[in-house]
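Please find below my comments on the charged pairs, strand pairing and cysteines of the entry under review. The sequence and structure are shown first.

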Amino acid sequence: MDHVVLDDLDNSLQPAAVMRHLTEPLGCEDLAINYYELAPGDSFAFAYHTHEVQEEGFVVLSGTATWVVGPEPEAPDDPVGSADPGAPAERREVEVGPMEAIRIPPGKFQRGWNVGEDRVTALALGAPLAYGEQLKRDDCPACGDEVAVSIERAPDDEAQLVTVCADCGAEVARWRRGDDGENERIR
């Protein structure tokens, strides 16, 4: 049995104010576990995305998180259905309150947010530990449309992360560690 104290773990640079990886410290071999604290406006992910092989479960401990999700898979051999699972018209919102949970199947586009005024705390569980191919999409201000994005170290500051438009190469968003030790979006 492995045991960890959350406050002893590093805060990973993410779009959440606090994100602590528990997988490796707990010695998990086929299960990803992460702890999140989202300030108002924060997200669990850098972009609207899918995991090819991993299913995810989120347990909201406090606050209310809102997930934007693609259409339900239609059949096991057609995990994303015939509609474009990333198309904005195919999305819906799901609110998950304190002591409630949501499951995201493999291949389904999703992104969870704190759209409220109270801080959200949650645990994320994913299995298997491998993600497979991960598709990511976000709104590119330069293109004026939602496009595929990648996550990279900022070219002008290795301590910051950016999402970059796959079409035009523009920076879509940027995150850094704030003076208080929490992560913050700066663009």
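The numbered points below take up salt bridges, strand pairing and cysteines in turn.

1. The coordinates under review are those of a predicted model. The remarks that follow should be read on that basis.

2. Eleven salt bridges are found in the structure. One of them is formed by the side chains of Arg 103 and Glu 55, with an N to O distance of 2.6 Å. This pair connects distant parts of the chain, since Arg 103 lies in strand β7 (residues 100-104) and Glu 55 in strand β4 (residues 55-62), 48 residues apart. Arg 103 is exposed, at 52% relative accessibility, whereas Glu 55 is partly exposed, at 32%.

3. The two strands that carry this salt bridge are also paired with each other: β4 and β7 run in the antiparallel sense over five bridges. Within this pairing, Glu 56 has Ile 104 of β7 as its bridge partner.

4. Strand β4 has a further partner in strand β9 (residues 120-127), again in the antiparallel sense, over seven bridges. Here Phe 58 is matched with Ala 124 of β9.

5. A second salt bridge joins the side chains of Arg 137 and Glu 146, at 3.0 Å from N to O. Its acidic member, Glu 146, is buried, with a relative accessible area of 15%.

6. Glu 171 and Arg 174 also meet through their side chains in a salt bridge, at 2.8 Å from N to O. This contact belongs to one network, in which salt bridges with shared partners join Asp 156, Glu 171, Arg 174 and Arg 187. Arg 174 is buried, with a relative accessible area of 4%, while Glu 171 is partly exposed, at 26%.

7. How many disulfides does a search of the whole structure find? The search returns zero. The pair Cys 143 and Cys 168 deserves a comment here. The closest cysteine sulfur to that of Cys 143 belongs to Cys 168, at 3.6 Å, and this is too far for a bond; the cut-off applied to a pair of cysteine sulfur atoms is 2.5 Å. Cys 168 is likewise in no disulfide, and its nearest cysteine sulfur is that of Cys 143.

8. As to the setting of these two cysteines, Cys 143 is partly exposed, at 34% relative accessibility. Cys 168 is partly exposed as well, with a relative accessible area of 43%.

Conventions: Residues are numbered from 1 along each chain as its sequence is written. This is a predicted model: local features need pLDDT of at least 70, side-chain atom pairs count only at pLDDT 80 or more; totals for chains, interfaces and linings use all residues. Side-chain values use heavy atoms; hydrogens and water are left out. A salt bridge is a side-chain nitrogen of Lys or Arg within 4 Å of a carboxyl oxygen of Asp or Glu. Helices (H or I, at least four residues) and strands (E, at least two) are DSSP runs, numbered from the N terminus. Buried means under 20% relative accessible area, exposed over 50%, partly exposed in between (1.4 Å probe, protein chains only). Two strands pair if DSSP finds at least two bridges between them.
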